[in-house]
Amino acid sequence: MQVAKTVKCKIHSLTNIKEQILSHEYNNYQKLCQEVSACVDNNYLSDRPYSLFKTANRYSATVWGAIQSIKNKRQFDRIGEQPLYLRNDVFAVVENQTKISKHWLKLPTKRKHGGIWLPVIVPRKYEELLNLKICDSKITKKKKGWFLLLTVKKEVVIMKSYSNILAIDLGEKVMATVCGSFNNQRPQFLGRKVRGIRRHYAWLRKRLGKKKIPKVIKRLEHTEKHKVNDQLYKIARQINNLAEETNSLIVLGDLKGIRKSTKGKRFNRIVSNMPYLKLTQMITYMANWDGRQIIKVSEKGRTSHTCSKCGSKGTRPYQGMFKCPSCGYQVNADFNGAKRIAQIGLETIPSLDGVSLIAPLTLQEASHAC
Ligand SMILES: [Zn+2]
């Protein structure tokens, strides 16, 4: 399986001349994107697109990049600013320690023969990624300056054999309730802050909405997204670290089925607004990068109301509490959900191609273990 990673590297200490050349290249690219976009709109981006846009000022790789940038955006009327596309065969990032920088980006430009060398900061923990296969990358222009979004790819072999199961229940109050089948692992509740952040910003927006300050609202949305993503990243990282330490197969509850079935408008709004998809993607991506598999199990009608001890149908006397009338088991509802996901995961494993637990637990054991 091939997995890709994109690393944000700051382009720094630009001399005036380099800054000018880079800006010129970037602005030219924006014009080119507008031209390509117009052709897409008029439906004549057909057999020989390259010659259509090729001028003495452009590399064919740049034209190719612009077409890639625009191709997937047909549905939009206006094309906004596009990051400068760098095809993998035309640029390079090399290590060459000087007073100015440790790493350098070689960028081909039409203004200067042979291109220019731009100092970039590759974050130390990502330096070894430079040994991997470099893929098509991008340069973006932000308020804080220029950034290289460097994409690398590697081949990973997904492990098939695991010692434990790590179940994740995605919930409303806490983003992720985590429970493992190892060492009487107590449940962990991750991402309590996310809901608070979202509520706070929803409230701020509502207040400002009356005064109609779209600029401020846009900035708030940006900050909110940043804060939430930061939390999601931490949750995903923690889950993956735990999976690595315990050699666990991650089992994720898939929320797809549950959305329509739950009642209550307010609840539906919160559930559909919570960034579950994004979190799921982050967890999956990190696990795959480390060669670990993820399985998703459907939660529909199987977790939230089923007792993890005896399998009977239970009740929720109030939000956050699960109670089983048959065996009297009373527990945090999210924890019960996570245990159910672990159990469904165990049931599912035999049907998966080649995946196995080194010391398979029985359902009974798993239930006691977590
Ligand atoms: Zn029970």
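At 26% relative accessibility, Lys102 counts as partly exposed. In this predicted model, the side chain of Lys102 is engaged in a salt bridge with Glu127, and the closest N and O atoms of the pair are 3.1 Å apart. The two partners come from distant parts of the chain, 25 residues apart: Lys102 sits in the loop between β3 (92-95) and β4 (103-107), while Glu127 belongs to the loop between β5 (116-121) and β6 (133-134).

This pair is a good starting point for a look at the charged side chains, since the structure holds six salt bridges. Another of them joins Arg58 to Glu35, with 3.0 Å between the closest N and O atoms. Arg58 is found in the loop between α2 (49-53) and α3 (60-71) and Glu35 in helix α1 (residues 16-41), so this salt bridge ties together parts that are 23 residues apart in sequence. The two ends differ in their surroundings: Arg58 has a relative accessibility of 14% and counts as buried because the cut-off for that class is under 20%, whereas Glu35, at 34%, counts as partly exposed.

A further salt bridge brings together two helices. Here the side chains of Glu224 and Arg205 meet at 2.8 Å, N to O. Glu224 lies in helix α5 (residues 214-245) and Arg205 in helix α4 (residues 193-209), and the pair links distant parts of the chain, 19 residues apart. In this case the acidic partner is the buried one, as Glu224 has a relative accessible area of 8%. Arg205, with 23% relative accessibility, counts as partly exposed.

Turning from pairs to the surface, six lysines, namely Lys8, Lys10, Lys142, Lys144, Lys225 and Lys278, form a positive patch. Among these, Lys142 is located in strand β7 (residues 137-142). With a relative accessible area of 49%, Lys142 is partly exposed; the class of exposed residues begins over 50%, so Lys142 falls short of that class.

Gln319 offers a last point of interest. This residue is placed in the loop between β14 (294-298) and β15 (321-323), and at 49% relative accessibility Gln319 counts as partly exposed. Once neighbours within four places in sequence are set aside, the contacts of Gln319 are with Glu172 and Lys173. As for Asp334, which is 15 residues from Gln319 along the chain, the C-alpha atoms of the two residues are separated by 9.9 Å.

Terms used:
Residues numbered from 1 in each chain as written. Predicted model: local features only at pLDDT ≥ 70, side-chain atom pairs only at ≥ 80, totals over all residues. Heavy atoms only, no water. Patch = residues over 30% accessible without salt bridge, like charges linked within 9 Å, V, L, I, M, F, W, Y side chains within 5 Å. Areas by Shrake-Rupley, 256 points an atom, 1.4 Å probe, with all protein chains shown as cover. Salt bridge = Lys/Arg side-chain N within 4 Å of Asp/Glu carboxyl O. Lys, Arg positive; Asp, Glu negative; His and termini not counted. Charge placed at Lys NZ, Arg CZ, Asp CG, Glu CD. Helix = DSSP H or I, 4+ residues; strand = E, 2+ residues; numbered from the N terminus. Buried < 20%, exposed > 50% of the residue type's maximum accessible area, 1.4 Å probe, protein only. Contact = heavy atoms within 4.5 Å.
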